[in-house]
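I opened the notebook to record what I looked up in this structure. The entries go from the whole chain to single residues.

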Amino acid sequence: MQSQHFSEEEKNKMLNFLKKERSDLGTVAEAYSKDAIDDAKSFNGVLDYSNESIEVVEGILDIYEKGIKKEKPSVEQLEKVVKMYGCYAGEALIKNLGLGEWEIPKSGPVEGAWTVNVNEKFYLFPAKTNKRIMNGREDNIVSMYNSAFNENSKKKISLRVFNNPHYSS
C-alpha cells in the first residue's frame, strides 16, 4: 500500500476543518447552555456558570426526573432537556478550568458522543444528564462534575450530592 503524503497546505486545510468543526460544536453547546439558564428561571434557579451552580442543575434534574414519571414527555422534549443541562455543565467546566473543548470523537469508546475534552480526558455531560433523569439521584451530575474538575485543577471542590438544598422534596 502506498503511503500518501500531504502538502503543508493540505495539512493546514485539514487542521482548519477540524478546528472549525470543534468550534461549531462549541457554539451549539454554548447556545444550549444559554437555553438552560433561561429554563432554570422557570424553577427559580439561577445559573451563572459557577461550580456551585451545578448543585442547582442537579436540583432541576431532580424535578425533571420526577416529572417524566408523571407526564411522559416526547423523546424530542427529553433530548432538549438533556442537551441544555448537559451542555450547561460542560460549559461551566470549561469556563471554570479555563481549558477544554467540545468534541464528538470519531472513534474509540466514546465515538459519536458529545464530550468535553480536557487534556485528552473525555467527559460525557449530556449522556450523564440523560442517565440522571432516567435513573435518579444515584446517577447525579454533581459527582461527575466534581471528579472532572478535581482531576484537572489544583484547586479542589466538593459540591454537595446529598443534602442538596436544591432538591425538590
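How much area does the protein chain expose, and what share of it do carbon and sulfur atoms supply? I found about 10000 Å² exposed, with 53% of it from carbon and sulfur atoms, where accessible areas come from the Shrake-Rupley method with a 1.4 Å probe and, for residues, only the protein chains shown count as cover.

I note that this is a predicted model, in which local features need pLDDT of at least 70, side-chain atom pairs count only at pLDDT 80 or more, and totals for chains, interfaces and linings use all residues. Residues are numbered from 1 along each chain as its sequence is written, and side-chain values use heavy atoms, with hydrogens and water left out.

I then looked up the secondary structure and found 5 helices and 3 strands, in the order α-α-α-β-β-β-α-α from the N terminus; helices (H or I, at least four residues) and strands (E, at least two) are DSSP runs, numbered from the N terminus.

For helix α3, residues 75–97, I read a span of 32 Å from first to last C-alpha over 23 residues, close to the expected 33 Å, which is 1.5 Å times one less than the number of residues. Gly 98 follows α3 and has a positive phi, near 75 degrees.

Last, I looked up Lys 72, in the loop between α2 (53–71) and α3, and found a positive phi near 50 degrees in this non-glycine residue. Lys 72 is exposed at 63% relative accessible area, exposed meaning over 50%, buried under 20% and partly exposed in between (1.4 Å probe, protein chains only).
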